[in-house]
Structure formats: structure tokens, C-alpha cells
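Let's take a stroll through this one, from a helix to a loop and on to the holes inside. Have the coordinates open as you read.

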Amino acid sequence: KSLLVAESDPDGIDRYRLLETIRVYAAARLAERPDAGAVHDRHAAHFLTYAERCGDGMAGPDQAGWTERLERDYDNLRAALSWLLGHGETWPAARVCLGLWRFWRNGSDLTEGRQWLAKVLAAPEPLTDTAHARLLYAAAVLAAGQDDHGTASRLAGQSLDLAGAAGDLATTAQAHNALGIAAIGAGGYDRAEEHFLASLAIWERLDQPQGTAVALGNLTKIALRRGDLAAADGHTRRCLDLERGTGDTRGIVMALEAVGPIRLAQGDVAGARAALDESLDLSRTLGDVFGEAMAMHWLGLAAQADGDPAGALRLLTGALARRHEVGDREDLAVSLDRVAAIVLADHAPLAVSLLAAAGELRLRHRLPEPPDSETAREATIERARLLLDERTMAAAWAAGLAMPVDRVVDQVLDLVDDPP
């Protein structure tokens, strides 16, 4: 059996892979050499440059290709980061993190990304205000991805102060965006709108279409929370046009995520499905677990609107599992409410336990209460009261309050033979 395996990657580049035992032996021998540090320095320098190329690629039209490249070389990038931080190279380590944070945001490595950013931000070597502000913004976005909105708000506020001091308009706009997302997480829609409008004004002043599209997408979220379909539709049309024009795949995903619920609210189930199917396909090419879960959730509601409860349950369960996987507690609570509405007729006590668990999740983590149009929670509770006597309902509710989240998720997954 060969000790060295040669493979060609999709870019046509030859890559070489060692058996693990041989790799460990070679690493030990390298550590004995007097030039080991120079070898590690060259490795770190190469992957620093590579991380910066990846950062540009993850903001461009070939995000799926760059995601694949990052996955192939992620162990090398980890090793480079570890070496740089272990040798006091804070600014080079920061540059690697700035190249990787969009990859981390996709979900599967989000916790690890937060840990790397925290290490760089805690390093004693000073950074420029601009670099520090950009790292804080990235850390705020990842914190918001795990519903840690208090931390996200603090980090984004620091980013805003430093970016303003440095005269960095682009990072100032990004910090306003992160502050708006954190405000949504706290239920402060007016405050969130102020930040998104401030971000939009800066991006329009800079004539930057990607930033403008992000701000419009976030204003769409506010309009949907308020039930203002006309405003949401107007924002998202502009947003999607801009995203398609720049070829920003992740931006297109997020815009389509908004088109889906708008079309459903307008009674256009076919239009919703078309947008959400495209969003789901693109999310999967990017490895974007958050986007995949959101598309599946709304496709489940489209199936429900089409009179297909079994299909709806399967899709909603798939979305719920992914939200639990990446620690997206806010959307997980919404998933629990919607699954409860689907299973109430056949599994009323379980449905009540799911409703209680969703409420407890929001209370424990100080998550906002979404509008009932998003959760169908109040209507489901009223229907449950008609199906169950007071004692049975109280017992099921108490069980849901006491049940660990992992167990709640397992009970939902048990309802479907083959979750997607």
C-alpha cells in the first residue's frame, strides 16, 4: 500500500495525502530539525495569502467553488492560525480570520470560528482601529448566528466606535448592520430599522451594490415582522435585482428566503415554491446550513398550504434538525411551534409539550416573541384546549417545560421515518 496518495482536485491541481501514522511521524521528525520554525513560517505565509484569496472569493460570484476549496484546505488553515497565534503574530492571524469568517458563518464551523476570533481579539499585540473594527464586526455576525444577541450588540457597538474613529465608512455601515440584527434578536424593531437605514445611506453614498442589497434585505425582515407586505415586497425586489447583478450567491439565497414568505402571504404558493427551491439548491452548493434550514421551513409551510401535512412535517422536521445542529435557538423555537400545529390532530399531548418547550426556549435565552403569523402559536394553543381536558393539557405543558432541548428534538425526529 502506498504511503503517499496523489489526487487531482476539481481545479486540476495535484494534491498529496499521507497516511495518518506517516503524517504524525513526519511531523515529529520535523519538530527535531533546526529549520522547523522556518518551515512552519513558510506554511503559514502561504495559507495566509490563500485565506485572503478565499475571503475575496466568498464575497464573489463563485462562492460554491471557494467553499469547496476551503473545506479541502481547512486543516492547513487551522494549522496556520495556530502557529501564528502561538508565535505572537496577531495581525497575520487576524488577516486569516478576516478571510475565513464568511465560511464560518455558514454554520458547520461557526462555534470554532467564534473561538478563533475571540483568541485574536484577546491577543496582547495591538491592531489598527480599522483591523480591530473589522474583526469585531465578523465576531458580532457569528455571535448573532447563534442568537447571542447581547454579545453581538456589544461587539458591533465597539466596531462602530472604532470604525468611526478610523473614518472607515464601509465598516461603519457593516457595524450598523450587525447592530440592527442584534436589535431584531432583542425585539427592538424600531432601533433595528434605524441601524439598517443608516447602513443603507452609507452604502448608497459609496455606490456599493452588495452593501445596499444587504441593507434592503434586512429592511425586508423588519417589514415582514410588522406585517407590511407592500414594503417587504418593494425592498426584496430591489435587493434580489442587486444580488443577481453582482452574482453574490449567498445574497441571492437570503433574498429568495424573503420572497418565499411574501408570496405565501399573497396566496401565490407556486411562486413561493419556485423561490424557495432555488434558495434551497443554492444553500446546499454553499454548505450554508442556515439558508438550507430556512428554505426547508418555508417549503414545509408551502406544503401545508397545498394540503400536504405529511410533506409539510417532513420538511419542517428537516429544518428543525438543522437549526438545532447549528445552535439557531430563535428559529428552532419557531420550528417547534410550526411542528406542533401540524401534529396536533394526531399527537395532541406532544404538540402541547412542543409549544411549551418553544416558549421556555424563548424565555431562557431572552429571544423575541415573533408575530403569530410566523408561528401560528396562539391558534394552535386554542385548538389544543378544545382537544384536551385541562388536566391532560397542564401535564403535557409541564412536561415540555422540563424537557431538555435535545430530547424535544429527538421526539420530533421520531415522528418522521426518513427526515430530509
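Which helices do the buried residues of α16 pack against? They pack against α15 (289–305), α17 (329–343) and α22, where contact means heavy atoms within 4.5 Å and buried means under 20% relative accessible area (exposed is over 50%, partly exposed in between; 1.4 Å probe, protein chains only). Helices here are DSSP runs of H or I with at least four residues, numbered from the N terminus.

A word on ground rules: this is a predicted model, so local features need pLDDT of at least 70 and side-chain atom pairs count only at pLDDT 80 or more, while totals for chains, interfaces and linings use all residues. Residues are numbered from 1 along each chain as its sequence is written, and side-chain values use heavy atoms, with hydrogens and water left out.

**Helix α16**

α16 covers residues 309–326, 18 in total, and spans 26 Å from first C-alpha to last, close to the 26 Å expected (1.5 Å times one less than the number of residues). Its buried residues include Leu 313, Leu 316, Leu 320 and Arg 323. An α-helix has 3.6 residues a turn, so residues three or four places apart point the same way. Right after α16 comes Gly 327, with a positive phi near 75 degrees.

**The loop before it**

Asp 306 sits in the loop between α15 and α16 and is partly exposed, at 45% relative accessible area. Leaving aside residues up to four places away in sequence, Asp 306 touches Val 269 and Arg 273. With Arg 273 there's a side-chain polar contact of 3.0 Å, meaning a pair of N or O atoms within 3.5 Å, one able to donate a hydrogen and the other to accept it.

**Cavities**

Searching the whole structure turns up two cavities of 30 Å³ or more. A cavity is a set of points on a 1 Å grid where a 1.4 Å probe fits but cannot get out, and lining residues have an atom within 4 Å of a point. Volume is the space filled by probe spheres set on the points.

| Cavity | Volume | Lining by class |
|---|---|---|
| Largest | about 50 Å³ | seven nonpolar, one polar, two charged |
| Second largest | about 30 Å³ | two nonpolar, three polar, two charged |

For the largest cavity, α18 (348–364), α21 (390–402) and α22 (405–413) each supply at least two lining residues, with α18 giving the largest share, four residues. Glu 360 and Arg 364 are among the lining residues there. The second largest cavity has Arg 105, Asn 106 and Arg 250 among its lining residues.

Note on methods
On a 1 Å grid over the protein atoms alone, a cavity is a set of points where a 1.4 Å probe fits but cannot get out, and a pocket is an open set with protein on both sides within 12 Å along at least five of seven lines; lining residues have an atom within 4 Å of a point. Ala, Val, Leu, Ile, Met, Phe, Trp, Tyr, Cys and Pro count as nonpolar, Asp, Glu, Lys and Arg as charged, and the others, Gly among them, as polar.
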